[in-house]
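Colleague: I should be grateful for a close look at a single part of this model, with its surroundings described afterwards. Please begin with the contact I ask about below.

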Amino acid sequence: MGTITVRRYPSGVVSHTAQIRRKADGKLVHSESATFGTAALAKAWLRRREAELDAQRARGEPMGSRMTLAEMITWYQGLQAKESPWGRTKTTDIGRIKAGTLAGHRVDRLTQADFIDYTRGRRAAGAGPATAGNDLTWMRQVFRAAKAELAAPVPLHALDDAAEYLRRNRIIGKAKKRDRRLLPGEEDALLAHFASREHRATIPMRDIVLFALASARRQEEITRLLWADIDRDKGIALLRDVKHPTQKTGNHRHFRLLSAALAIIDRQPRVTLEDGTEDPRGFPFDAKSVGAAFTRAVRMLELPDLHFHDLRHEAASRLFEAGYSIQEVAQVTLHESWATLKRYTHLRPENVVERTTP
């Protein structure tokens, strides 16, 4: 029998998570869960899914047979929630696929044409080649997990053939590498804009922009930096859950916090929370709000195609122009190889210092 776990949140919202776990010969062969707003919906889901699983077992079919794409994604979400929590991007992308045009299709009946039609629809709706391609990547991860865990029939060959066709016809592709740096006058314009609004703004955007340029930190990293993780004597700070292709949670690393960046964060006021305790963060703001404020400023100032993440490119390039070596810059940016670091390095020809050759 399945179980239902009730969770009450501080906001007053109550969730009901229904979970099914099936074992064979003492080994877990199937696990899936789904969360609902009421106990009745959770119980109804349990009854339906258990009946479907019993019918599959009676027919001698693998546990994952007859699953719709949405059901398989729900199973995958329950599996990954315990093993490796996702970042915001993957969570958003997976949720969109789960509610997309293929959601109600049985996975074992999906064809190459289905994946091609889905991707064309995503592109027609405004998704770029890389974003549309990522959807296929996430589906592939779900299918591989279901094949390994459930021995479910999944259309991996059809998906791979579709992806190859779509790449060949340039319907999907890799993300375009950005090389945007601040143009003359843009930094001054941004800082002046944010300074003029400081008296009524809740987020110190001027200092956040300056900190980004001095530290090469992403906006999410800036808003996660803790006072307790700054070592002023050594000039370093600990960054928790550093972005990584395969390991994010628990990937804590120290980075060089140069004096200019340290001076900026040290002048931030300590914030007291509603319960009377002090907020542990140096910039206690929502990363999305920081990004939104930056985007509004860019539009108002009519700065073409400038993103907050471009400040990281600018910071890395300035470090090289100041004479820091690859190894030294990597201690600031936390890139693990030159292959990845060079994507963030865009030196201007006029800033290459002429040296005397032997």
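Which residue's side chain meets that of Glu 71 in a salt bridge, and at what N to O distance?

Modeller: The structure is a predicted model, and the description below should be read accordingly. The partner of Glu 71 is Arg 48, and their side chains meet in a salt bridge with an N to O distance of 2.9 Å. This contact links distant parts of the chain, as Glu 71 lies in helix 2 (residues 69-83) and Arg 48 in helix 1 (residues 39-59), 23 residues apart. The two partners can be described by their accessibility. Glu 71 has a relative accessibility of 14% and therefore counts as buried, the cut-off being under 20%. Arg 48, at 36% relative accessibility, counts as partly exposed.

The pair belongs to a wider set, since the count by this rule comes to 23 salt bridges. Another of them joins the side chains of Arg 218 and Glu 221, with 2.6 Å from N to O. Here Arg 218 is buried, with a relative accessible area of 13%, and Glu 221 is buried as well, with a relative accessible area of 3%. A further salt bridge is formed by Arg 281 with Asp 279, where the closest N and O atoms are 3.2 Å apart. In that pair Arg 281 is partly exposed, with a relative accessible area of 25%, whereas Asp 279 is buried, with a relative accessible area of 6%. Salt bridges can also share partners, and in this way Arg 181, Glu 187, Glu 314, Arg 318 and Glu 321 are joined into one network.

Aromatic contacts form the next topic. The structure holds four aromatic pairs. In one of them, the ring centres of Phe 211 and Phe 283 are 5.3 Å apart and the planes stand at 55 degrees, so the pair is classed as tilted. This contact, too, links distant parts of the chain: Phe 211 belongs to helix 8, while Phe 283 sits in the loop between helix 10 (259-266) and helix 11, 72 residues apart. Phe 211 counts as buried at 0% relative accessibility, and Phe 283 is likewise buried, with a relative accessible area of 0%.

Helices 8 and 11 appear again at the second largest pocket, which has a volume of about 240 Å³. Of the 15 residues that line this pocket, the closest to its centre are His 193, Phe 194, Arg 197, Ala 293 and Arg 296. At least two lining residues come from each of helix 7 (186-195), helix 8 (205-215) and helix 11 (287-301). Helix 11 gives the most, with four residues. Sorted by class, the lining comprises eight nonpolar, two polar and five charged residues.

Finally, helix 4 (residues 112-124) may be added to the picture. This helix has 13 residues and reaches 18 Å from its first C-alpha to its last, close to the 18 Å expected at 1.5 Å a residue. Its buried residues are Asp 114, Phe 115, Ile 116, Tyr 118, Thr 119 and Arg 122. Just after helix 4, Gly 126 adopts a positive phi of about 115 degrees.

Note on methods: Residues numbered from 1 in each chain as written. Predicted model: local features only at pLDDT ≥ 70, side-chain atom pairs only at ≥ 80, totals over all residues. Heavy atoms only, no water. 1 Å grid on protein atoms, 1.4 Å probe; cavity = no way out; pocket = protein on both sides within 12 Å on 5 of 7 lines; lining within 4 Å. Points joined across faces, edges and corners; volume = space filled by probe spheres on them. Nonpolar A, V, L, I, M, F, W, Y, C, P; charged D, E, K, R; others polar. Salt bridge = Lys/Arg side-chain N within 4 Å of Asp/Glu carboxyl O. Buried < 20%, exposed > 50% of the residue type's maximum accessible area, 1.4 Å probe, protein only. Expected span 1.5 Å × (residues − 1). Phe/Tyr/Trp six-rings, centres within 6.5 Å; stacked < 30°, edge-to-face > 60°.
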